Amino acid sequence: MLLNDLMPQFDVVERHSTLVRAPAGIVFNSIREADLAGGPVARVLLALRFVPATLAAVVRSPRAAWTEIRDRVSTRQRVVRLHDFEGAGFRVVAERAPEELVIGLLGRFWTLRGGACADVAADTFRAGPSAGLALAGWNFIVTPQPGGSSELRTETRVWCAPDVRWKFRLYWLGVRPGSGLIRHEMLRAIRRHAERQGRATGVLEDPPDV
């Protein structure tokens, strides 16, 4: 597993999976093509993630805060695909199609604005998080199953610099339930997209589970 190679050391981990009635190639492509914030739960939770930052922005500059709120509302109303997460600091750091894709994020996740660093790469994982930062590795794995179906799994690991480990653990206690719901919603979105593609190409004949 690529994530094991990149991130054998970590402080917290979260895993989720679903069965997709579509071939691995279609499922893997759907990771990039699906609307990852298409479900109502995901949209609400993603919006709530930015509430503290928005309130802080209002204190600093109401006009700038209004512009930021308007931009985020516009973003929540459109399709959000994997590449759109790059605006928040996420980067694809490793890929082995059609099996696994690994996304990296480096920052101060427990702060109001998250403090995401834009220059995340495979070398970042080899070096580990610098003081004051935490490094997240988030993958999607597609495994073929009998009958033409596929298992889609996602795993999130976070590795903290020693000086901020306690801060992250406090933050994780609060956000973990919502984080898990968001990942469930994303898996469902990928599953729906893949099964639609499967029907469109004649791979699936029965209606997908919802």
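Trainee: What pattern does the protein follow when read along the sequence?

Mentor: The pattern is α-β-α-α-α-α-β-β-α-β-β-α, with seven helices and five strands in total. Helices (H or I, at least four residues) and strands (E, at least two) are DSSP runs, numbered from the N terminus. This is a predicted model, in which local features need pLDDT of at least 70, side-chain atom pairs count only at pLDDT 80 or more, and totals for chains, interfaces and linings use all residues. Residues are numbered from 1 along each chain as its sequence is written, and side-chain values use heavy atoms, with hydrogens and water left out.

Trainee: What makes strand S4 and strand S5 a pair?

Mentor: Two strands pair if DSSP finds at least two bridges between them. Strand S4 (residues 134–144) and strand S5 (residues 150–160) share 11 bridges in the antiparallel sense, so the criterion of at least two is met. Within S5, Arg157 is the bridge partner of Gly137, and Arg153 stands opposite Ile141. The hairpin of S4 and S5 has five residues between the strands, and Gly147 there takes a positive phi near 85°.

Trainee: In what order do the five strands form the open sheet?

Mentor: The order is S1-S5-S4-S3-S2, with antiparallel pairing. From one strand to the next, the twist averages 15°. S1 pairs with S5 over nine bridges, Thr18 having Leu152 as its partner in S5. Eight bridges join S3 to S4, and Gly104 stands opposite Gly137 in S4.

Trainee: Why do strand S1 and strand S2 stand at the edges?

Mentor: Strand S1 (12–20) and strand S2 (91–96) each have a single partner strand, so one side of each is left without a neighbour in the sheet.

Trainee: Why is S4 described as largely enclosed?

Mentor: Nine of its 11 residues are buried, so the rest of the structure largely encloses S4. Buried means under 20% relative accessible area, exposed over 50%, and partly exposed in between (1.4 Å probe, protein chains only). Over the whole protein, buried residues make up 45% of the 210 residues.

Trainee: Which elements does helix H2 lie across?

Mentor: Helix H2 (residues 24–33) lies across S1, S2, strand S3 (100–107), S4 and S5, at about 150° to S4. Its buried residues are Ala24, Ile26, Val27, Phe28, Ser30 and Ile31, and they pack against S1, S2, S3, S4, S5 and H7. Contact here means heavy atoms within 4.5 Å. Axes are lines fitted to C-alpha atoms, for helices over the stretch in contact, and angles run from 0 to 180 degrees between N-to-C directions.

Trainee: Why does Trp166 count as exposed or buried?

Mentor: Trp166 has 53% relative accessibility and therefore counts as exposed. Trp166 belongs to helix H7.

Trainee: What makes the nonpolar surface patch?

Mentor: Trp166, Leu170 and Leu173 make a patch of about 390 Å². Patches consist of residues with over 30% relative accessible area and no salt bridge, like charges being joined within 9 Å and nonpolar side chains (Val, Leu, Ile, Met, Phe, Trp, Tyr) within 5 Å. A salt bridge is a side-chain nitrogen of Lys or Arg within 4 Å of a carboxyl oxygen of Asp or Glu. Accessible areas come from the Shrake-Rupley method with a 1.4 Å probe, and for residues only the protein chains shown count as cover. The 53% of Trp166 is therefore above the required 30%.
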